[in-house]
There are 2 protein chains.
Amino acid sequence: MSTRSRSTHRVVGITEVARHAGVSPGTVSNVLNRPERVAEATRLRVESAIAELDYVRNSSGSSLRSGRSASVGLLVLDVTNPFFTEVARGVEDEAAESGLAVVLLNSAEAHERQQRNVRLLAEQRAAGAVVMPVDDDLSDLLWLNRQGTSWVALDRGDVAEDVGCSVSVDNHAGGMAAGRHLIGLGHERVTFLTGPFAIEQVRRRHEGLRAAFEEAGMDPGTAVRVVEQPLLNPAQGERAVDTILAGGPRQRPQAVFCANDQLALGVMKGLGQRGLRVPDDMSVVGYDNVDIADLVHPGLTTVAQPKYELGRAAMRLLDSELNEADHVHERVLFTPELVVRGSTAVYRP
Amino acid sequence: MSTRSRSTHRVVGITEVARHAGVSPGTVSNVLNRPERVAEATRLRVESAIAELDYVRNSSGSSLRSGRSASVGLLVLDVTNPFFTEVARGVEDEAAESGLAVVLLNSAEAHERQQRNVRLLAEQRAAGAVVMPVDDDLSDLLWLNRQGTSWVALDRGDVAEDVGCSVSVDNHAGGMAAGRHLIGLGHERVTFLTGPFAIEQVRRRHEGLRAAFEEAGMDPGTAVRVVEQPLLNPAQGERAVDTILAGGPRQRPQAVFCANDQLALGVMKGLGQRGLRVPDDMSVVGYDNVDIADLVHPGLTTVAQPKYELGRAAMRLLDSELNEADHVHERVLFTPELVVRGSTAVYRP
DNA sequence: CACCCGGATTGAAACGTGTCAATAACCTTC
DNA sequence: GAAGGTTATTGACACGTTTCAATCCGGGTG
């Protein structure tokens, strides 16, 4: 049976509430938005009318009138990656405190999808957005700015300060920390396994790694080899293992530094399948410190980012941009921290 | 410097486009929504006016007028869990094909947050929602129905068919498959590690496990012990290990079946820390088959759910409910599949 | 008592879109 | 060439909210 039982409950608006409470619509609106301007007695009367009629505000009406909606977008590189979901939690918690709804949009590492999502935000007249850009081409985001929707860049410290705020983690320092750790363990040939160099973050991590070798008086040109994969997921890491091992035992690197924990986990699996032991035959370092890094065996040595805090900070900045008239664009930089676990060990030839 | 450079670009609406193209606003609206009704020549004229003025539609206007917005909610139990993010991908892909935007809302396993999110959906006059209810109390969702927003239940086969559609996986069969596998390996004492029994899914998995023992002519009352934790995450799994091992080597179970891969991964870590080997000293079975299940060592034996397909199916059903006048509520049931990996082995006393 | 002041409330005018009955233009057919 | 039919376009109104100038009321002051 197809009982299309919509609207059993005639939809009630602000005007009906007003009639029911014996006041004007304007007063009801005031009760909802600036309760301090309305006298106690009438406020109570209106509130009980609201409860009695089961009135729920229509946000289309508000945002049409005010020109802006009360939701912010969170434009994420890949929902599947636990790193981002942790960031999302931070953004969400902070947004809830400001009474803003969060619309999570997934770019799936594809520029075309990012563009579609940006357009969506513009159509919704979103109050603002927290954005992790998919690559160096920021033209969509600048367009979004011109449409009146401002945004905070996440994990992209390189966006110009006149464009918007940014919150990021010092990727150079992270790469360097990983490098120093490996050098300290006696490693002299390291492969940097990465996603596309179009992503600014991974470029900086690479530079940091090289800087560590220079600092130690070694030539990064011979010590660091790069293997680049199209995406930053475990399957890509596993697939890259053959390339990493190419050249045989003499040429093979003594350690792999991955741009991402996801890649690192794939590498560990691939090495295991080929009979190589981590860390005895090869050390592996990841980046992000996702939850699972601590659950695999051996535990994954990795560069930890303050994921949740990153999200919170970004949303806080956005909030200030939206509400404070004298807002000045800001650049917040967190410092990453190396977490040493079992996947790295002293190199024993 | 605080150059608050909003609206460099005066905002343009449908009427301005109409003026620019020399037609009426109604025609512009038709070009946007039912292009087939408007003559080729004028359509092109309007389209070029749109491009020239860089017009972007204001969705508040549309949804105010039409009474419904073009976005659907996805109400998820816990964004952090990779199972849900995979479902989200399915929902998103399918929604994109129908031109619907997806608003991801996180209940964080808390009833109060679910309630807040449901309210938000009602205020936005969302077209519909895909919902994973936090517990057995569906009153918020029934209220949402009365407000005219219909929804599809995900992973909750027990919602009455006159309430809405549902898409789920046969949890009883899943529990049974895990049970048969363990029995086949010779295990006679199994602990079921679970989240709150308020969640219907885990109850059914438990029943399935017991049914497998009955089928084999064994008494589930003595063979199956239950350990219940408040949340379904790795930390809780790790914490539960002491409880599981209580009673010493003679009493201790030979295998642990977890309601969730997250719990299982925590258990594996906990066992490792206490010097117990998986699967030699204890077999572990998970549920969901998240990506990482295949990345840990040993690989986690688990009951696989068609996560992505689950999301797609739910969204497809919702779409039918929204568009087809003769829609009949449907109940889709997928069958789970046991994936055997290294974490289970024959019991050797 | 007249005056004024301040707080509480009102009324009407937008915001941008979709709808639909009404009109206009055009084509066919006798 | 007129009547009838089809297709394309128009205009005006309604959706639910917020805003703001205008009004109302009650009490304090001179």
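**Figure 1. The buried residues of helix α9 of chain B pack against α8 (171-184), β6 (190-194), α10 (220-223), β7 (224-228), β8 (255-258) and β9 (283-288) of that chain.** The model shown here and in the other views is a predicted one. Helix α9 of chain B runs over residues 200-215, and its 16 residues reach 23 Å from the first C-alpha to the last, which is close to the 22 Å expected at 1.5 Å a residue. Among the buried residues of this helix are B:Val202, B:Leu209, B:Ala211, B:Ala212 and B:Phe213, and the buried set also includes B:Glu200, B:Arg205 and B:His206. Just after the helix, B:Gly217 takes a positive phi of about 75°.

**Figure 2. Helix α8 of chain A, residues 171-184, is shown with the residue that caps its N-terminal end.** The helix has 14 residues and reaches 20 Å from its first C-alpha to its last, close to the 20 Å expected at 1.5 Å a residue. At the N-terminal end the cap is A:Asp170, a side-chain oxygen of which lies 3.1 Å from the backbone nitrogen of A:His172. The buried residues of the helix include A:Asn171, A:Met176, A:His181, A:Leu182 and A:Ile183, together with the glycines A:Gly174, A:Gly175 and A:Gly179. Just after the helix, A:Gly186 takes a positive phi of about 95°.

**Figure 3. A:Leu193 lies in strand β6 of chain A, which spans residues 190-194.** With a relative accessibility of 0%, A:Leu193 counts as buried. Once its neighbours within four places in sequence are left aside, A:Leu193 is in contact with residues that include A:Val227, A:Ala240, A:Ile244, A:Val256, A:Phe257, A:Cys258, A:Leu263 and A:Val267. A:Arg274 stands 81 residues from A:Leu193 in sequence, and the two are 18 Å apart in space, C-alpha to C-alpha.

**Figure 4. A:Arg113, in helix α6 of chain A (residues 111-123), is shown with the residues around it.** The relative accessible area of A:Arg113 is 14%, and since buried means under 20%, A:Arg113 is buried. Its side chain is joined to that of B:Asp93 by a polar contact of 3.5 Å. Leaving aside neighbours within four places in sequence, A:Arg113 is in contact with A:Asn106, A:Ser107 and A:Ala108 of chain A, and with B:Glu92 and B:Asp93 of chain B.

**Figure 5. Chains A and B are shown as two copies related by a turn of 180°.** Chain A can be laid on chain B with an RMSD of 0.1 Å by this turn, together with a shift of 0.0 Å along the axis. That is the relation of a two-fold axis. Of the interface residues of chain A, 100% are also interface residues in chain B, so the copies meet through the same surface.

**Figure 6. DNA strand D is surrounded by 20 residues, of which A:Ile14, A:Tyr55, A:Arg65, B:Thr27 and B:Thr42 are the closest.** Helices α2 (25-33) and α4 (59-66) of chain A and α4 (59-66) of chain B each supply at least two residues of the surface near this strand. By class, the residues of that surface divide into 6 nonpolar, 10 polar and 4 charged. Of the atoms of strand D within 4 Å of the protein, 72% belong to sugar or phosphate, and the rest belong to bases. A polar side-chain atom of A:Ser29 lies 2.9 Å from a phosphate oxygen of strand D, and a backbone N or O atom of B:Ala39 also lies 2.9 Å from a phosphate oxygen of the strand. A side-chain N or O atom of A:Arg65, by contrast, is 2.5 Å from a base oxygen.

**Figure 7. Around DNA strand C there are 21 residues, and A:Thr27, A:Thr42, B:Ile14, B:Tyr55 and B:Arg65 come nearest.** Of the atoms of strand C that come within 4 Å of the protein, sugar and phosphate account for 69%. The surface near strand C has 6 nonpolar, 10 polar and 5 charged residues, and α4 of chain A together with α2 (25-33) and α4 of chain B each supply at least two of its residues. An N or O atom in the side chain of B:Ser29 is 2.9 Å from a phosphate oxygen of strand C, while a polar side-chain atom of B:Arg57 lies 3.2 Å from a phosphate oxygen of the strand. For B:Ser62, a polar side-chain atom lies 3.4 Å from a sugar or linking oxygen of strand C.

Technical notes
Residues are numbered from 1 along each chain as its sequence is written. Chains are lettered from A and ligands numbered from 1 in the order in which they are written. This is a predicted model: local features need pLDDT of at least 70, side-chain atom pairs count only at pLDDT 80 or more; totals for chains, interfaces and linings use all residues. Side-chain values use heavy atoms; hydrogens and water are left out. A residue is near a molecule or strand if one of its heavy atoms lies within 4 Å of it. A polar contact is a pair of N or O atoms within 3.5 Å; within protein, one must be able to donate a hydrogen and the other to accept it, and residues adjacent in sequence count only if both atoms are side-chain atoms. Helices (H or I, at least four residues) and strands (E, at least two) are DSSP runs, numbered from the N terminus. Ala, Val, Leu, Ile, Met, Phe, Trp, Tyr, Cys and Pro count as nonpolar, Asp, Glu, Lys and Arg as charged, and the others, Gly among them, as polar. The expected span of a helix is 1.5 Å times one less than its number of residues. Buried means under 20% relative accessible area, exposed over 50%, partly exposed in between (1.4 Å probe, protein chains only). Contact means heavy atoms within 4.5 Å. Copies are superposed by least squares on the C-alpha atoms of residues with pLDDT of at least 70 in both.
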